[in-house]
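Visitor: Please take me close to a single helix. What lies around it?

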Number of protein chains: 2
Amino acid sequence: MQSDALSQLSSLSSDQLQALASALTTEYQAHKDKGLKLDLTRGKPSSEQLDLSDALDGILNGDYTTANGTDARNYGGIDGISELKALGAEILDVKPEQILVGGNASLALMFQAVMQAHVFGFNGPESAWNKETTVKFLCPVPGYDRHFSICETFGIEMVTVPMTATGPDMDQVEAMIKADSQIKGIWCVPKYSNPTGVVYSDDTVKRIAELAKIAGPNFKVFWDNAYIVHDLTDTPKTLANIMSLAEAAGTEDSILQFCSTSKISHAGAGVAFLNASTANLATFKKLLGIGTIGPDKVNQLRHAKLFPTVDALKAHMKKHAEILQPRFECVLKHLNEAFGDNTLGAWESVEGGYFISFDTQPGLASKVVTLAAEAGVKLTPAGATFPYGKDPEDKNIRIAPSVPTMDEVDAAMAIFVTCVQLATVEQQLG
Amino acid sequence: MQSDALSQLSSLSSDQLQALASALTTEYQAHKDKGLKLDLTRGKPSSEQLDLSDALDGILNGDYTTANGTDARNYGGIDGISELKALGAEILDVKPEQILVGGNASLALMFQAVMQAHVFGFNGPESAWNKETTVKFLCPVPGYDRHFSICETFGIEMVTVPMTATGPDMDQVEAMIKADSQIKGIWCVPKYSNPTGVVYSDDTVKRIAELAKIAGPNFKVFWDNAYIVHDLTDTPKTLANIMSLAEAAGTEDSILQFCSTSKISHAGAGVAFLNASTANLATFKKLLGIGTIGPDKVNQLRHAKLFPTVDALKAHMKKHAEILQPRFECVLKHLNEAFGDNTLGAWESVEGGYFISFDTQPGLASKVVTLAAEAGVKLTPAGATFPYGKDPEDKNIRIAPSVPTMDEVDAAMAIFVTCVQLATVEQQLG
């Protein structure tokens with residue numbers, strides 16, 4: 001039986017391997033012949049999820065006035081309307097005065113924050129990172145390609161550190177930071193990490209909150225809390241509050257926290273939040289005020305109407321979970337059935353976020369992505385979850401099942417599984 | 001009679017001057033006693049103008065699909081939706097493929113463009129302005145304070161050049177650029193210039209389009225066409241098309257043109273346009289794609305519905321003019337009555353835009369602004385229309401009459417006129 005054979009690949013004879021490869025090739029060809037066009041690439045909400053927020057357009061009923069009487073239509077107000085500052089503060093469990101509400105992309109706030117630190121400095125021109133010969137960032141891997149692109153753009157050298165089941169390997173992180181004052185930052189997606197789905201443990205969060213104590217000057221933690229309310233279960237893991245831990249340790253100026261409604265309301269038309277210390281926020285606002293006339297307050301007001309309380313927002317997220325959860329279950333079912341009793345693949349069960357991170361045996365990820373593409377299943381390019389697009393072991397593949405229908409996820413995963421099996425057996429054959 | 005006396009101030013005796021000052025002080029005190037609170041500072045649309053676009057919220061009727069079938073709600077598309085590219089192209093009379101549609105602020109696109117040129121370069125890292133020891137910009141004065149702030153932020157040295165009735169003094173501009181290759185850019189508001197209201201002549205536009213031929217490498221014209229459709233009369237002056245002139249001269253890579261709907265729809269919730277050569281646009285999009293997930297396409301779609309054609313947009317602008325024109329007329333009436341037959345003030349008749357630029361006699365602008373503030377009329381700080389906030393002759397004051405009601409403009413201008421008269425007579429007294 002195929003499943004038995006796959007669980008003891010290394011003990012198979014050359015003939016047995018050959019027979020297995022031949023059976024898998026037939027299976028692969030059969031998939032290919034269906035001529036499907038499926039896509040498991042980017043972490044976008046599906047149309048069905050976007051429909052949940054369609055009340056946004058028209059929700060103002062002609063009343064463009066904010067809670068404190070501001071005309072949302074006109075210029076003015078660099079840090080957003082007060083009702084959304086309050087909402088952001090509740091989501092992140094921080095003080096409203098430590099919140100800035102931006103435009104439609106937290107990525108824009110992250111880029112702006114790196115630019116602030118690198119080009120202008122958070123503590124005057126002399127604190128700008130670009131005053132130093134080399135600037136490095138710690139990048140837990142696998143991680144998020146758009147974080148890496150920002151570093152690459154500013155010429156920041158990326159140093160990888162492995163993810164564990166509790167977050168980045170903190171012994172390594174601390175040792176590296178102690179040894180090298182050129183390390184100026186670290187990227188973190190602390191809840192349902194992109195792509196591994198890991199939730200950082202309380203101990204990890206505390207140690208990250210205190211990194212500034214052992215780091216060189218002007219060290220910043222980029223805390224991308226993109227999935228803080230994106231639970232798939234009713235009993236989600238909790239994430240420790242990095243800002244209060246940092247405040248307790250006196251390191252709050254090292255924390256820059258981000259989140260957005262991109263995967264809550266409309267992905268391209270949401271609102272983004274920055275949480276930072278009062279000092280950092282003042283600096284950030286000053287530069288932002290040079291580069292824009294302020295965020296779109298009308299869209300912020302729409303969001304305040306759609307989510308009048310954080311409870312309303314959480315109830316809304318349950319509807320997302322109802323749509324997403326079966327897709328994740330389907331992916332996990334295929335992986336369990338195919339690889340539950342062998343070593344061809346490794347992954348974590350996922351309780352939130354948008355991704356499942358899958359590791360093939362070393363050296364096979366690119367091959368699997370190519371095989372899948374040829375059989376009509378588009379996957380994120382192998383290596384995309386690593387800085388510079390280079391996965392040193394060529395084993396990580398990010399699976400994003402939110403956009404396709406259930407039937408499509410099912411069909412795509414059947415093909416994916418065959419591709420992994422075929423690639424592994426062919427490697428074994430040499 | 002006061003008006004006779006003011007027209008021959010220099011020939012008055014000390015006693016006559018003293019009597020005049022005393023009469024004006026009484027008049028000023030009477031204004032002060034009314035305890036008014038009026039504001040002629042920033043160029044914002046009034047509520048009445050904003051109301052014109054209130055159909056925006058709800059205009060989609062549940063249909064979030066763009067002309068080419070894209071779901072506007074989701075991620076994707078760094079350069080905006082095609083129907084708005086077409087609209088921007090019609091407004092500026094350029095090719096749609098030379099248009100990028102951004103978020104709610106053309107200022108953000110300008111900042112991004114300066115950052116691109118200064119930090120990253122439009123032609124690779126070696127072309128970045130910050131590779132040079134000194135970078136200078138030509139700033140026609142009086143001009144727009146937010147342009148100057150961007151330069152100051154990037155440490156770009158600002159060199160002033162005087163405005164004439166046909167635009168910047170082009171003989172000076174060309175001579176300065178020929179003599180100094182450190183001059184890397186020039187700020188221009190070519191139609192209804194902020195604050196003078198000047199429309200650049202055809203000859204001026206052509207000479208600016210061709211500046212790159214005599215400038216050092218990587219020279220850029222920042223062409224802020226903020227008021228291109230903001231006419232106050234039915235027979236507006238036309239502005240030559242800088243992009244076609246530049247294309248004819250082979251200098252199109254030196255032109256970066258901006259405009260927005262900020263003063264067309266909702267000031268803080270509009271859409272912004274960048275027009276640039278194909279090469280520049282590709283470079284710009286690459287960096288923009290690192291720093292954001294793309295503009296808010298839902299809001300772009302709303303604007304496409306509100307302005308399905310450029311004619312619809314122009315009809316809409318006539319309604320703005322109906323609201324604005326009487327306010328400008330009121331300002332000009334006061335200025336003509338008070339200073340039409342003397343040399344106490346100089347200004348231009350204005351046919352569009354948001355401002356009237358007023359020159360006192362040298363050394364009096366700050367004094368007038370202070371006197372007006374004490375009598376309840378807030379004016380833009382003297383000097384704001386010059387780089388670094390320093391008007392060397394201390395004479396320019398920007399008057400912005402769009403926000404107050406007609407009665408308020410009338411009352412504010414009566415006070416303003418008295419302040420100018422009083423300050424001038426007191427200066428004469430020594």
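Guide: Helices (H or I, at least four residues) and strands (E, at least two) are DSSP runs, numbered from the N terminus. This is a predicted model, where local features need pLDDT of at least 70, side-chain atom pairs count only at pLDDT 80 or more, and totals for chains, interfaces and linings use all residues. Residues are numbered from 1 along each chain as its sequence is written, chains are lettered from A in the order written, and side-chain values use heavy atoms, without hydrogens or water.

Look at helix H6 of chain B, residues 145–153. After H6(B) comes B:Gly155, with a positive phi near 70°. Inside the helix, B:Asp145 and B:His147 are among the buried residues (under 20% relative accessible area, 1.4 Å probe, protein chains only). B:Phe148, B:Ile150 and B:Cys151 are buried too.

What covers them? Chain B supplies H5, strand E3 (136–141), strand E4 (157–164), strand E6 (183–188) and strand E7 (220–224), among others. Chain A takes part as well: its H10 is included in the cover of H6(B).

Now step back to the two chains. A rotation of 180°, with 0.0 Å of shift along its axis, superposes chain B on chain A at an RMSD of 0.0 Å. The fit is by least squares on C-alpha atoms of residues with pLDDT of at least 70 in both. The two copies are thus related as by a two-fold rotation axis. In chain B, B:Gly58 has the C-alpha nearest that axis, at 1.8 Å. Both copies use the same surface: 100% of the contact residues of chain B (contact: heavy atoms within 4.5 Å) recur in chain A.

Methods: Buried means under 20% relative accessible area, exposed over 50%, partly exposed in between (1.4 Å probe, protein chains only).
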